[in-house]
Amino acid sequence: MFGYYFQLGLRSLRRNPALTALMVMAIGFGVAASMTTYAVFRAVSGNPIPDRSARLFTPQIDAWGPQQNLKGGEPAEALGYVDAMALMRANEAKRQTLLYPVQLSVIPQGNRDLPLNANGYAVTSDFFAMFEVPFRYGSGWSGQDDAARTADVVISDELDQKLFGGADSVGQTLNLGGHDYRIVGVASHWNPRPRFYDLFSTGGFADEPDIYMVFNRALDLQMRTGGRNSCRGSLSFTTWQEYLQSNCVWITPWVELDSSVDVAGYRRFLTNYAAEQQHAGRFNWAPNVRLRDVMQWMDQEQVVPPESRISLAVALGFFVICLVNTIGLLLAKFMRRAGEIGVRRALGATRGEIYAQYLIEAGTVGLTGGLVGLLLTAVGVGGVSVLFRPEIAKLARLDPSLVALTLAVAIVATVMAAFYPAWRAAHVQPAWQLKSS
Amino acid sequence: MLKMTHLSKVYRTEVVETYALRDFNIDVKEGEFVAVTGPSGSGKTTFLTIAGLLETFTGGTYHLDNIEVSQLDDNARSKIRNEKIGFIFQAFNLIPDLNVFDNVEVPLRYRGMKAPERKERIMGALERVGLASRAKHYPAELSGGQQQRVAIARALAGSPRLLLADEPTGNLDTQMARGVMELLEEIHREGATIVMVTHDPELAARAQRNVHIIDGQVVDLAEDPRFHAHVVEARQGQGRS
């Protein structure tokens, strides 16, 4: 009977075209507003590394003290050189990495082209395994390479396309900022959103990095961070070594811990480390450390912009209002056909069959509204920059999953809105209808 | 086929009880053609809607094809309506945005019949009423008589045991009414049981048996003076028209 009811539903769209158009437009606009804002919300609020997010932790150590801390006694969001290197030396986690953003010029071979700007990260070797960076060619480098401070580099697929036409460039030499590097790997497209591993500098959203270079090598070249650098007190350093010893924070540390026991152990280690620094006179305050996993860290850093939540709530509210109107319109549309319902009941339709017929008819209205909503969502997704920062607005896109969701939401919501009108239709008294006709 | 014993139907409001049918008794045998007559408001249509399981009753018993129907739930009543009863209404009650074929198909759909059998039955019923060539027409494209023939085809398509007709010629002119009546007689001759509610004494006279209802009760035609008064009134009314 589904096919029969669907057919009746499609026919019914042509009946009372003004009423049908009102319902379709109400659902279309409601679903489009919701899906457009949801497209943004989904992009900024998802788990960027679902398989490992509960095992990856970023440590924080209070190197500024209670007078200069962040709001609520929160330690700085990154580490300075001294603490970062201390964590690496302690080697207390299964895997650990340090990273900071770098900006370099890529000098093309043969001087045929102009130099390219390349953004990337100085990282330690565990970075690639911890974050499951996919490789098209080659791989990352080893711990020995970290220690040997080799001039190795991993480039992005996009940079490989630009420089080598997408060929396997492993083993090729790349001149970055006047220094030659050996390409050891080409990463496949990898740009988790939000960029959980560097919220400190990016806030969560940035273009895909072009290069990854050896952390120690970057330090040797006295490469300043290409991202945020946050300091407290009077800045008196003039040399690179003075900068490294200062309280400026610019390095993001990550550790991988497999179990709650490991997490508790690492937290103890951080506390002990801070206590040692206190005893040594470097910190004049009690240990103040944090250890948060990926989702806790994104929550702490408020990666989801408030405007995204607000606009989603407003759009959903608008959709609910549209649906309430639709309930009234469906009721009017269905009850106009009380006579037909009476005839169908007289000819053998059960209440359940009338209920099913009208729910499916509502589903066809929802489907039509969903198709209109899809068009409006496409327009909306193209225009979200009016509401959001450009780097966030460009994340919203109409992919197949959003298309499916838009249609599903429109149909399901309309069918739910039809529960009461269809119930009323199913309870029409056939005798009264036939007597009155 | 249809037996009501001491049946009553009461409409209750907060202040008043109105008996539409009271101590109502009728027994229609299989194959009979019964005309039910009576003045307006006497309870004819209420009787017909109860007979057609479109309405429940307040007291008494009703056996339809030897089934006591008072305890049946909505699904069972719908199934009986679909399989055993065919309705013909004064106002035809065709669904305006379905064509003739689709209108006749409605009861067969609810019976869960396969498409080839549906088609065979629909075309058979339309041929029977002489409208096979109008299968793709919509009700608005047909005359009143043709619409009533479609309604009869719809009632016949499911091969019901009982045909219930409520003023089947009430909205038709004399010539069309005669055609419809001849069709009903033909259907009856082929073995159908027909119960027809009518105001028209001439039509009632063409039935095998007349049952007269006054004030919600079947009355003895020979003894009840109210009947004679009504017949005179009805004939005068017919003469005026």
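Where in chain B does B:Asp65 lie? B:Asp65 is found in the loop between S4 and S5 of chain B, and this briefing on a predicted model returns to that residue after setting out the domains of chain A, the contact between the two chains and the sheet of chain B. Chain A is divided into domain 1, made of residues 2–47 together with 304–436, and domain 2, made of residues 63–256, while 18 residues of chain A are in contact with 21 residues of chain B.

**Domains of chain A**

- The C-alpha centres of domain 1 of chain A and domain 2 of chain A are separated by 49 Å.
- A:Gly3, which lies in helix H1 of chain A, is 161 residues away from A:Phe164 in sequence, and the two are 56 Å apart in space when taken from C-alpha to C-alpha.
- A:Gly3 counts as exposed because its C-beta has 8 C-beta neighbours inside 10 Å, and the limit for this class is 12 or fewer.

**Contact between chains A and B**

- On the side of chain A, 18 residues are in contact with chain B, and on the side of chain B the number is 21.
- Helix H1 (2–14), helix H13 (338–346), helix H14 (351–382) and helix H18 (430–436) of chain A are the elements that each give two or more residues to the side that touches chain B.
- Sorted by class, that side of chain A holds eight nonpolar, seven charged and three polar residues.

**The sheet of chain B**

- Four strands of chain B form an open sheet in the order S2-S1-S4-S5, with antiparallel pairing.
- Strand S2 (17–28) and strand S5 (67–68) of chain B are the edge strands, each of them pairing on one side only.
- Strand S1 (residues 2–12) and strand S4 (residues 59–64) of chain B run antiparallel and are joined by five bridges; in S4(B), B:Gly59 stands opposite B:Ser8.
- Helix H1 (residues 44–51) of chain B lies across S1, S2 and S4 of chain B, and runs at about 65 degrees to S2(B).

**Helix H5 of chain B**

- Helix H5 of chain B (residues 144–157) has 14 residues and reaches 20 Å from its first C-alpha to its last, which is close to the 20 Å expected at 1.5 Å a residue.
- This helix, H5(B), is mostly covered, as 13 of its 14 residues are buried.
- Just after H5(B), B:Ser159 takes a positive phi of about 50 degrees.

**Backbone geometry to check**

- Most residues other than glycine have a negative phi, and most peptide bonds are trans.
- B:Asp65, in the loop between S4 and S5 of chain B, has a positive phi near 50 degrees although it is a residue other than glycine.
- B:Asp65 counts as partly exposed because it has 16 C-beta neighbours inside 10 Å, a count that falls between the limits of 12 or fewer for exposed and 20 or more for buried.
- B:Phe92, which lies in the loop between strand S6 (85–88) and helix H3 (100–110) of chain B, is not a glycine and has a positive phi of about 65 degrees.
- B:Phe92 is buried because 24 other C-beta atoms lie within 10 Å.
- In chain A, the peptide bond from A:Arg193 to A:Pro194 is cis, with omega near -5 degrees, and A:Pro194 has its place in the loop between strand S7 (179–187) and helix H7 (199–202) of chain A.

Technical notes:
Residues numbered from 1 in each chain as written. Chains lettered and ligands numbered in written order. Predicted model: local features only at pLDDT ≥ 70, side-chain atom pairs only at ≥ 80, totals over all residues. Domains from an automatic or database assignment. Contact = placed C-beta atoms within 7 Å. Nonpolar A, V, L, I, M, F, W, Y, C, P; charged D, E, K, R; others polar. Expected span 1.5 Å × (residues − 1). Pairing = 2+ DSSP bridges. Axes fitted to C-alpha atoms, helices over the stretch in contact; angles between N-to-C directions.
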